[in-house]
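Here is a short report on one protein chain. It moves from overall dimensions to individual ring pairs.

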Amino acid sequence: MRTRPLKVALLGCGVVGSEVTRIMTTHADDLAARIGAPVELAGIAVRRPDKVREGVPAELITTDATALVKRGDIDVVIEVIGGIEPARKLITTAFEHGASVVSANKALVAADGAALHAAAEEHGADLYYEAAVAGAIPLVRPLRESLAGDKVNRVLGIVNGTTNFILDKMDTSGAGYSEALDEATALGYAEADPTADVEGFDAAAKAAILAGIAFHTRVTIDDVHREGITEVTAADIASAKRMGCTVKLLAICERAAHGESVTARVHPAMIPLTHPLASVREAYNAVFVESDAAGQLMFYGPGAGGSPTASAVLGDLVAVCRNKLSEATGPGESAYTQLPVSPMGEVVTRYHISLDVADKPGVLAQVAMVFAEHGVSIDTVRQQGKDGEASLVVVTHRAADAALSSTVEALRKLDTVRGVASIMRVEGE
Ligand code: HSE
């Protein structure tokens, strides 16, 4: 074993960074044995140096992240500060100064992964980011390496723990969205500003990363159709239950049937209780991968939190250090298929639509005609009437999303339709 240590700079020492520090310290011997050389934490860049950080060596703390990545003797930079800047500048500076990078930064990789990969390649460095998608769950490496000989057709998953916790609460307790969000906040699952999670930005970034790797093409967060969970109501959940379904925020990346484009989307959807993703409870994540040769694979586990995310960071650190020692690099960006990303309108899916209508002769026929005019075939209709009004629940067969949304638009214009109470896609059948 080489005795000269590999030097590591850590950018950020919050929940994940302090766990990375703890594991690097307590498991130093095992890490050295697995890598083939000791790894030494050479500096930790933070914004607030006076904050108490138990177990973090005070002499390693600096507020000058740029000077740390420019030192020239750093082998690997671990970036766990998140956000676009200064993370992007620090990562590219690290490459310019000979370091490889391990990052947990989903927002940055989803926005600018291609440029970061190009910078890594230019400087003969590695860029690894297993921790950017679904915390501890191995997904990036299985897709990039284990399934490199297969053809992935679909990635379908729950990749945001906060929203899964909220939807699970609504499902089990009958609570409304606000009440469930309050509970998630009180228990520390939701942040003070939950926008990134509840509006689907976090899941969309992860979907972009997964789609790009799975289909060997470039997908950025701007290519991902995104809808959050803020408009999911207790009535939607009750309606799902009546259909033998539950509601989940899904990230769905698919190769189009003709094979010449891909789609990536994040939105709430009803899935049958018999689907394995329906049993993913609380803040857990799970991702289903469907490929030609392997068939269906499911990856399940904790998608967030200091320790699980640190596990993914440390796995990447070991891989990157091994590459350094053998003077090689791991797999870079694979975007050779250059498949375009189709708009949401071209996605083929099913809708569950709940309408409040007048209960009089001809209304059902009128509603059915709107579906027919837009080429959308109805699968089931359920009507419940009361005092001259009725609630009508229509579930469609598969149709292009654009046809489904123009159907809903036309339904809203009917005098006999008092309101569209809920619209939700149905997936996983
Ligand atoms: N906030 C994310 C979640 C974890 O709730 O799953 C980090 O991506």
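Why does the radius of gyration of the protein agree with that of a compact globule? The model is predicted. For 429 residues, a compact globule would have a radius of gyration near 22 Å, and the protein has 24 Å, which agrees. The C-alpha atoms fill a box of roughly 85 × 45 × 35 Å along the principal axes.

**Fold and contacts**

The chain carries 14 helices and 17 strands. Among contacts with a separation of 6 or more, 73% join residues 24 or more positions apart. Of the 429 residues, 53% count as buried.

**Surface and charge**

The accessible surface comes to about 18,400 Å². Carbon and sulfur atoms hold 49% of that surface. Negative side chains number 55 and positive ones 39. The centres of the two sets lie 1 Å apart.

**Aromatic pairs**

How many aromatic pairs does the protein have? The count comes to two. One of them joins Phe-165 and Tyr-189, and this pair is stacked. Their ring centres lie 4.3 Å apart, with 25° between the planes. The pair links distant parts of the chain, 24 residues apart. Phe-165 sits in helix H7, residues 161-173. Tyr-189 lies in the loop between helix H8 (177-186) and helix H9 (195-198).

Are these two rings buried or exposed? Phe-165 has a relative accessible area of 3%, so this residue is buried. Tyr-189 stands at 36% and therefore counts as partly exposed.

Tyr-284 and Tyr-300 also pair: their ring centres are 5.3 Å apart and their planes meet at 10°, so the pair is stacked. The cut-off for stacking is planes under 30 degrees apart. This pair, too, links distant parts of the chain, with the two positions 16 residues apart in numbering. Tyr-284 belongs to strand E11 (residues 284-291), and Tyr-300 to strand E12 (residues 295-302). Tyr-284 is partly exposed at 34% relative accessible area. Tyr-300 is likewise partly exposed, at 46%.

The table sets out the ring geometry.

| Pair | Centre to centre | Angle between planes | Class |
|---|---|---|---|
| Phe-165 and Tyr-189 | 4.3 Å | 25° | stacked |
| Tyr-284 and Tyr-300 | 5.3 Å | 10° | stacked |

Read together, the pairs show two settings. Phe-165 in helix H7 meets Tyr-189 in a loop, whereas Tyr-284 and Tyr-300 lie in strands E11 and E12.

Notes:
Residues are numbered from 1 along each chain as its sequence is written. This is a predicted model: local features need pLDDT of at least 70, side-chain atom pairs count only at pLDDT 80 or more; totals for chains, interfaces and linings use all residues. Side-chain values use heavy atoms; hydrogens and water are left out. Helices (H or I, at least four residues) and strands (E, at least two) are DSSP runs, numbered from the N terminus. The radius of gyration is taken over C-alpha atoms; the globule rule is 2.2 Å times the number of residues to the power 0.38. Buried means under 20% relative accessible area, exposed over 50%, partly exposed in between (1.4 Å probe, protein chains only). Contact means heavy atoms within 4.5 Å. Accessible areas come from the Shrake-Rupley method with a 1.4 Å probe; for residues, only the protein chains shown count as cover. Lys and Arg count as positive and Asp and Glu as negative; His and the chain ends are not counted. The place of a charge is taken as NZ of Lys, CZ of Arg, CG of Asp or CD of Glu. Rings of Phe, Tyr and Trp (its six-membered ring) pair if their centres lie within 6.5 Å; planes under 30 degrees apart count as stacked, over 60 as edge-to-face and the rest as tilted.
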